[in-house]
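Consider how the strands of this chain are arranged, and which of them are partners. The text below goes through the pairings one at a time.

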Amino acid sequence: MKSTMTTSLGIDIVGDEVNAVLLKKTRDGFRVLATSRASVPVGTIEGGRIVDVTGLLKVLKVARECRTRSGRTVLSVPLSGTLVRVVPLEEDDPQAVTGYVRDEIAQYAAFSGRKTASDYHVMAPVRKSTPGRALVAAADQAGVEALVRACGNVGVGADAVEPAILACVRVFRAAKSRERLGPNVMLALLKGGLLTLAVLQKGAVDFIRSRTLAPSAPSPVDRYDQVADDINAVLQFYTVEGTTIPSVVVIDDEHDLAPVEAGETIRSKVACEAVEVWTRSTLSDHVAIEPGLSGKGSITALGLAMRFLVDGPKAATVNLLPKEADRATVVQRNLVLTAIGLAALLLAVILGTGAVRWTVMRMQGRIAAMQQAELKRGDQSLADAVAELAATETQIAATTAEMECLTRAVQSHPAVDWVQLLGDVGAAVPKQAQLTELTVDGTSILQVEGVCESNEDVATLVSMLNRSDSIARAELLEARRIQGRDGAIRYAITCTLAPGEIR
């Protein structure tokens, strides 16, 4: 089953910059609709963890330029402290496989004493009786959650989180030269001061390893010289195992355009038949991209954006996004009033409060007349009629009180465009969140209360409310877990209405 989605956003976050690429799938390949790029201040991300959340939020605002409502968003995790491996499996029981993968991750020294976000994909078995191998990925869970939360605070929700190397593998699979390079290829990713080597056998990932490059290399030529030695070591290992890797693709996602002599250095030193060097500026020579990245967006961001455009359900992918609770049990379906419904009701008040009151009074008169007529005909007992009339009057009184409350809100803030304001509130509430109460006091403060399933949803709602022209500032008052509701969160947000002239 192929994906029917046509647009997707990839956000690549490394230690020194954030890149965003909005991609559209076309009949002839891919079209880059927008790109954004911003430098990350030193000290914002250290060791794969977000140290300065405020600094990252300022940088992530570049993603707003590429935001799309029709597609999905995929993030990369910082390279430092990220584990990506292909490990052999000896078990075929799913629970045993999960335990085995957990033990593999626990052996990674960088995760010592830290809770991890992990995922794995069981690949084709070597023998029919066993699963064979698994593609394993893990990262610091606190770092992943902070990253997702930061994106939510700027109005960008995350649908998946994955390592950079897997995004680059996806870009290679979309390359025009893939068939010419053959089924066995080594990819060497240069990014964020790390070298990641991935070997593809018959199109499937067979090997992945990363190491930090020595910071002493003063130029790209010296850096490529180091890379060549690592590539030759892996090529020699496969040769001893009886497998030939005839092609190597160096994906330089650090430089917009690598010097010619750097490419010549690695071609002369690497012991294989074909060597290609891809950079951000030359990627369009290898992949069908219109109009091309032109150095404005990273190759990794492009591969992230491709995830939901090209990957099928059987693709070897992992998702480090923390698992969310079942939406059906997290949020109860007991809305008091939705924002959209309230906006429509307020519109009726604004257009003619007097007419609404007249309608209520007329309804009350008609009901009373009908009750009297039924009594005269003997269709009802007097007790039943009185009870029904009392219930009807109670409902009318409650409706009248609500209308009077809405009328007072409109009259107390005549400069507020209530239809626009409530329309903005309705549009801001995420699908998985619910609005239960709206109140307005005499100091131009609107309070929004409701329930949702995660802190990311609350952050998204606050961010979206801050974008309304009718709201000067939206701030979170409270976000707390509700006991006995599977982790549902009750939130309260205060909104200072934007000043305006009295109409």
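What follows describes an open sheet, a helix that lies across part of it, and a further set of paired strands, all taken from a predicted model.

Strands of a sheet pair through backbone hydrogen bonds, in either a parallel or an antiparallel sense. The open sheet considered here has 3 strands in the order β7-β9-β8, and the pairing is antiparallel. Strands β7 (83–88) and β8 (116–122) are at the edges; each has a single partner strand, so one side of each has no neighbour in the sheet. From one strand to the next, the twist averages 20 degrees.

Within this sheet, β8 is joined to strand β9 (residues 133–140) by 7 bridges, and the two run antiparallel. To place the register, take V122, which stands opposite A134 in β9.

Helix α3 (residues 141–153) lies across β8 and β9. The angle between α3 and β9 is about 70 degrees.

Now turn to a later part of the chain. Strand β17 (residues 434–440) pairs with strand β18 (residues 445–452) in the antiparallel sense, over 6 bridges. Here Q434 stands opposite V451 in β18.

Which strand pairs with β18 over 8 bridges? It is strand β20 (residues 489–497), again in the antiparallel sense. In that pairing, V448 has I493 in β20 as its bridge partner. Strand β18 is therefore a partner both of β17 and of β20.

When viewing these strands, bear in mind that in a regular strand the side chains alternate between the two faces of the sheet.

Methods. Residues are numbered from 1 along each chain as its sequence is written. This is a predicted model: local features need pLDDT of at least 70, side-chain atom pairs count only at pLDDT 80 or more; totals for chains, interfaces and linings use all residues. Side-chain values use heavy atoms; hydrogens and water are left out. Two strands pair if DSSP finds at least two bridges between them. Helices (H or I, at least four residues) and strands (E, at least two) are DSSP runs, numbered from the N terminus. Axes are lines fitted to C-alpha atoms, for helices over the stretch in contact, and angles run from 0 to 180 degrees between N-to-C directions. Contact means heavy atoms within 4.5 Å.
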